[in-house]
Protein chains: 2
Amino acid sequence: MSLRHAILVLLQDQEASGYDLAREFANSIGLVWNATHQQIYLELGKLNEQHMVSYRHVPQEGKPDKKLYQLTDEGRAELIRWLKKPAGPARIRDAFMVKVAGGQLADTQSLLSELEQLAKQRRERLATFEALAKRLDDEGLEDNLYNYLTVRRGILDQRAWLQWAEEVRQTLEHASVGSATS
Amino acid sequence: MSLRHAILVLLQDQEASGYDLAREFANSIGLVWNATHQQIYLELGKLNEQHMVSYRHVPQEGKPDKKLYQLTDEGRAELIRWLKKPAGPARIRDAFMVKVAGGQLADTQSLLSELEQLAKQRRERLATFEALAKRLDDEGLEDNLYNYLTVRRGILDQRAWLQWAEEVRQTLEHASVGSATS
DNA sequence: AGTGCTTATACAACGGATTGCGCAGCGCTT
DNA sequence: AAGCGCTGCGCAATCCGTTGTATAAGCACT
């Protein structure tokens, strides 16, 4: 029930279009809360009706017009109210992990190749986050404290995942050498 | 769309009742895929209709009767089919992280106390997982390989989170000393 | 005696989320 | 010239998920 609050948090720093938000949900914030563009446009509509956000229409050439949304005082008040309440428990749906848990019935090779593919994505993300963390650090942490901490979470998460992936790789390669050498 | 497959994975090892599964979803598997009991009972009903699982009725005294479900050949086949397809992207909804991202507007002290509360839970989980990993190791990894790897994921995840929490604690305590000493 | 937890299953209602479709034009590649 | 991908918005249907409620009995605590 707090996609709305994730949006309000994003709008706290800068005004943005639905499309901008969708991109942020696909990258940075997406690691913590994901949403598709349909969901976002719908929620922006509701937030607007409830006077939590307002928008100005920006005509563009070559591209479709856009609506730049910003927080209203009421939106900011709602956000502050929400921040005071304890957060609900985190929910995850990680299909790959379910596959690992059921690994006995799976083909080890295809599991390993999927693992490698995911590891590649994680390495890229890690690089992005490390660059971003450095930039925020250079700009001065005082102004970017919470962004910095969020990015740090991303970094530690990627590293932990990659470390685990390395363990899995070694374990499964040994196991497959030991049992099923074609 | 793969709560069903998570259930099939759990039933792969042993027959279980809906209630048993609900407990597993609240603990081990819940870190990777969460579901409530209503969802589970509903899905078991559907899986039964589709002949992916079967059950035997077990009368009990003092407690309500239960249905012990097990995988059918068709269920196992479906699971194998699913394991071959690449897994969909992981989805997360972590409200606390959204709160951290919006931390500028929050009360630092209440954020820190919520952090400490979550850290406590994570430490407990970590201890449980470490004990479980040790037990699986003692029993022989060959038989428990995929369970072991899943538990390892849990361990590394808890450690990474706790490390981050420590960073946050230090950062925010310094910051609040620097700026807002009551 | 009353309250609340545990075991065990299940329905109903609502709201949130995913999927599919549609419009519209620009720029790049094949 | 056709196809693809990006920017940008949006509706509709359906599916998934959460919350509330119900039943039923035993056990522990107050």
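In this predicted model, Arg169(A) pairs up with Glu166(A) in a salt bridge, and the closest N and O atoms sit 2.8 Å apart. Both residues belong to helix α7 of chain A, where they are three residues apart, or about one turn of the helix. The general idea is a simple one: side chains of opposite charge can pair when their charged atoms come close. Counted over all chains, the total comes to 27 salt bridges.

Two of the salt bridges run between chain A and chain B. In one, the side chains of Arg152(A) and Glu167(B) meet, with 2.6 Å from N to O. Polar contacts also link the two chains, and here the count is 18 residue pairs, both partners being at pLDDT 80 or more. As for which parts of chain A touch chain B, the elements giving two or more residues are α1 (3–13), α4 (73–84), β3, α5 (95–101), α6 (108–139) and α7 (141–179). Helix α7(A) gives the most, with 17 residues. Sorted by class, this side of chain A has 33 nonpolar, 14 polar and 13 charged residues.

So much for the kinds of residue; next comes the extent of the interface. In general, the size of an interface is often given as the accessible area lost when the parts come together. For chains A and B the buried area is about 5900 Å², and carbon and sulfur atoms give 63% of it. Three residues, Arg93(A), Leu105(A) and Tyr146(A), supply 14% of the area that chain A buries against chain B, more than any other three residues. In terms of contacts, 60 residues of chain A meet 60 residues of chain B.

The two chains are also joined through their strands. Strand β3(A) is linked by three bridges to strand β3 of chain B (residues 91–93), and the two run antiparallel. Arg93(A), for instance, has Arg91(B) in β3(B) as its bridge partner. So Arg93(A) turns up in two roles at the interface, as one of the residues that supply the 14% of buried area and as a residue with a bridge partner across the chains.

Then there is the DNA. Around DNA strand D there are 19 residues, and the closest are Tyr19(A), Gln60(A), Lys67(A), Arg93(A) and Gln39(B). Of the strand D atoms that come within 4 Å of the protein, 70% belong to sugar and phosphate. Several polar atoms of chain A lie close to phosphate oxygens of this strand. The side chain of Gln60(A) has an N or O atom 2.6 Å from one, while for the side chain of Tyr41(A) the distance is 3.0 Å. Gly18(A) uses its backbone instead, with an N or O atom 3.3 Å from a phosphate oxygen. The surface near strand D takes at least two residues from each of α2 (18–26), α3 (37–49), β2 (66–71) and β3 (91–93) of chain A, and likewise from α3 (37–49) of chain B. Helix α3(A) gives the most, with three residues. By class, this surface holds five nonpolar, eight polar and six charged residues.

DNA strand C has 20 residues around it, and the closest are Gln39(A), Tyr19(B), Gln60(B), Lys67(B) and Arg93(B). Here sugar and phosphate make up 71% of the strand C atoms that come within 4 Å of the protein. On the chain B side, a polar side-chain atom of Lys67(B) is 2.4 Å from a phosphate oxygen of strand C. For Tyr41(B), an N or O atom of the side chain is 2.9 Å from a phosphate oxygen, and a polar backbone atom of Gly18(B) lies 3.2 Å from one. The elements that give two or more residues to the surface near strand C are α3 of chain A plus α2 (18–26), α3, β2 (66–71) and β3 of chain B. This surface has five nonpolar, eight polar and seven charged residues.

One last detail concerns the backbone. Most residues other than glycine have a negative phi. His51(A), however, has a positive phi, near 60°, and is found in the loop between α3 and β1 (53–58) of chain A. In chain B, phi of His51(B) is near 60° and positive as well, and this residue is found in the loop between α3 and β1 (53–58) of that chain.

Notes
Residues numbered from 1 in each chain as written. Chains lettered and ligands numbered in written order. Heavy atoms only, no water. Near = heavy atom within 4 Å. Polar contact = N/O pair within 3.5 Å; in protein donor to acceptor, adjacent residues only side chain to side chain. Helix = DSSP H or I, 4+ residues; strand = E, 2+ residues; numbered from the N terminus. Nonpolar A, V, L, I, M, F, W, Y, C, P; charged D, E, K, R; others polar. Contact = heavy atoms within 4.5 Å. Buried area = accessible area lost by both parts, 1.4 Å probe. Salt bridge = Lys/Arg side-chain N within 4 Å of Asp/Glu carboxyl O. Pairing = 2+ DSSP bridges.
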